[in-house]
Amino acid sequence: MACVDGDPAAFGPVYDALAPVAYGTSLGVLRDPDHAAEVTQEVMVEVWQTAERFDPSRASARTWVATLARRRAVDRVRAEQARRDRDQRDVDSAIGGSSYDVVAEDVERRLEGAAVRRCLDSLTATQREAVVDAYYGGRTYREVAERLGAALPTVKSRIRDGLGRLRDCLGVARA
Amino acid sequence: MPDSTRDSWDLLPAYALDAVDDLERRAVERLLADDAEARRALDEYREVVAAFAVEHEPPAHLRATVMERISASAADGATPAADDGGTAGEAEVVELASRRRRWGVLAVAAAAVVAVAVPTTVAIQATVEQNRLQEQVDTVAEMMADPSATLLRSDVTGGGYATVLAAGDDFLFSAGDLPDVGDDSVYQLWLVGAEGGVTSAGLLEPQDGEVEQLVSDVSGVGLAVSVEPEGGSEQPTTDPIVVLAEG
């Protein structure tokens, strides 16, 4: 029996359409092209293996791939940070830790072309700071709170309210 | 609602940002397993987070690496039906058909990503888009085991875009970003006959502007959509807002 759906050649155009989303997402978080390329490779193999789980009623293909890529990129940041914590001598690692601090101009540059950009103005300065720090820093909200010297529940609600405003501004609703 | 459930709800936005620790991640995933409302809320937050992504062409060599890896994994036993003998024949067909359908859904969704990502106003990029769309067509055609399949795409008057995958007597219609037409009107799908006549192919009910409808086993050259009064019409009463037909 011919297994048409399992034909790897059929994956080429899917790769072409979605790999830029995976690579762009990874690069946004990791900033290092080699790490981003490795993550993209893992993500696209995962897309191939788990295509059956893709549910168009829950997300667009783009959102699905961006979600997979972000999860893997953040995992990599965390693993890298844990490794650095264990090995203090390795101070010039390409990713993670203080080299990860998010500077305003840098964020502007990275957001160039992002759909969310025009909506960030609808956030308060503190909401924006918390969301952007969590997004680009790959940090947990607990780490964001420590870094900003703010209380945990405060940061949690800034992130929640910030994403809520972005959701309204972007017109995202799956009612 | 118990405190732990409320806590997990509170964490959904941070979870969508992957900004939770492992313990919290598991707590949120328990909530998601039980609660469809929570899943819907998460889908919205994920769409917001995905709006941060800026597409970027990966290094060219990566494509070959990925294709090699998936070829290897396909050769490793991606044909589970092979050693079952003849007894489960029918189930295999269903399973293959359903896997094929899902692949088709992803390929069409991926085609929409390409179509939207490339501005059509720039001639050279339009050519690139056409070539890439042709590749999509080839692929979906392969998957549907019909070499004559074609993929047509157009913007919709009034907003949104629509594609039709035509394979023999089957048409897969899909559209996105369709604006709400209000309670008194509906989107109606029409089958366009070879002589130019149209017959109703049903009403479209977009969810969040997106809709997919399969019109199978019909004779026609394409599909069209018009906005009709509530309940639909026998024949179109307004000009079509999109026509996707061959030739």
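In the predicted model, strand 4 and strand 5 of chain B form a hairpin with 5 residues between them. Within the turn of this hairpin, Gly196(B) has a positive phi of about 100°. Strand 4 covers residues 185-192 and strand 5 covers residues 198-204 of chain B. The two strands run antiparallel and are joined by 5 bridges. One of the residues in these bridges is Leu191(B), whose partner in strand 5 of chain B is Thr199(B).

Chain B also contains an open sheet of 4 strands. The order of the strands in this sheet is 1-2-3-6, and their pairing is antiparallel. Strand 1 (150-155) and strand 6 (211-215) of chain B form the edges, each pairing on one side only. From one strand to the next, the twist averages 15°. Within the sheet order, strand 3 stands beside strand 6. Strand 3 of chain B, residues 170-176, is joined to strand 6 of chain B by 5 bridges, and the two run antiparallel. In this pairing, Phe171(B) stands opposite Val215(B) of strand 6.

The loop between strand 3 and strand 4 of chain B contains Asp177(B). Asp177(B) is not a glycine, yet its phi is positive, at about 60°. The relative accessibility of Asp177(B) is 57%, and this residue therefore counts as exposed, the cut-off being over 50%.

Chain A has a secondary structure of 7 helices and 0 strands. Read from the N terminus on, its elements run α-α-α-α-α-α-α. Of the 175 residues in chain A, 56% are buried. Contacts between residues at least 6 apart in the sequence of chain A were also examined, and 62% of them join residues at least 24 apart. The exposed area of chain A is about 7,500 Å², of which carbon and sulfur atoms supply 48%.

A positive phi in a residue other than glycine is also found in chain A, at Arg31(A), where the value is near 65°. Arg31(A) is placed in the loop between helix 1 (12-30) and helix 2 of chain A. With a relative accessible area of 31%, Arg31(A) is partly exposed, because this value falls between the cut-offs of 20% and 50%.

Attention now turns to charged side chains. Side chains of opposite charge can pair when their charged atoms come close. Over all chains, the count comes to 22 salt bridges. One of them is formed by Arg76(A) and Glu42(A), with the closest N and O atoms 3.2 Å apart. This pair links distant parts of the chain, as the two residues are 34 residues apart. Arg76(A) belongs to helix 3 (residues 61-86) of chain A, while Glu42(A) belongs to helix 2 (residues 33-50) of chain A. Arg76(A) has a relative accessibility of 17% and so counts as buried, the cut-off being under 20%. Glu42(A), at 26% relative accessibility, counts as partly exposed.

Other salt bridges join chain A to chain B. The side chains of Asp43(B) and Arg58(A) meet in a salt bridge, with an N to O distance of 2.8 Å. Asp43(B) is located in helix 3 (residues 36-50) of chain B, and Arg58(A) is located in the loop between helix 2 and helix 3 of chain A, so this salt bridge joins two chains. Asp43(B) counts as buried, at 8% relative accessibility. Its partner Arg58(A) counts as partly exposed, at 28% relative accessibility.

A further salt bridge is formed by the side chains of Arg167(A) and Glu44(B), at 3.7 Å from N to O. Here too the pair joins two chains, because Arg167(A) lies in helix 7 (residues 152-170) of chain A and Glu44(B) lies in helix 3 of chain B. Both Arg167(A) and Glu44(B) are buried. In addition, salt bridges that share partners join Glu38(A), Glu42(A), Glu46(A), Arg72(A) and Arg76(A) into one network.

Conventions:
Residues are numbered from 1 along each chain as its sequence is written. Chains are lettered from A and ligands numbered from 1 in the order in which they are written. This is a predicted model: local features need pLDDT of at least 70, side-chain atom pairs count only at pLDDT 80 or more; totals for chains, interfaces and linings use all residues. Side-chain values use heavy atoms; hydrogens and water are left out. Two strands pair if DSSP finds at least two bridges between them. Axes are lines fitted to C-alpha atoms, for helices over the stretch in contact, and angles run from 0 to 180 degrees between N-to-C directions. A salt bridge is a side-chain nitrogen of Lys or Arg within 4 Å of a carboxyl oxygen of Asp or Glu. Buried means under 20% relative accessible area, exposed over 50%, partly exposed in between (1.4 Å probe, protein chains only). Contact means heavy atoms within 4.5 Å. Accessible areas come from the Shrake-Rupley method with a 1.4 Å probe; for residues, only the protein chains shown count as cover.
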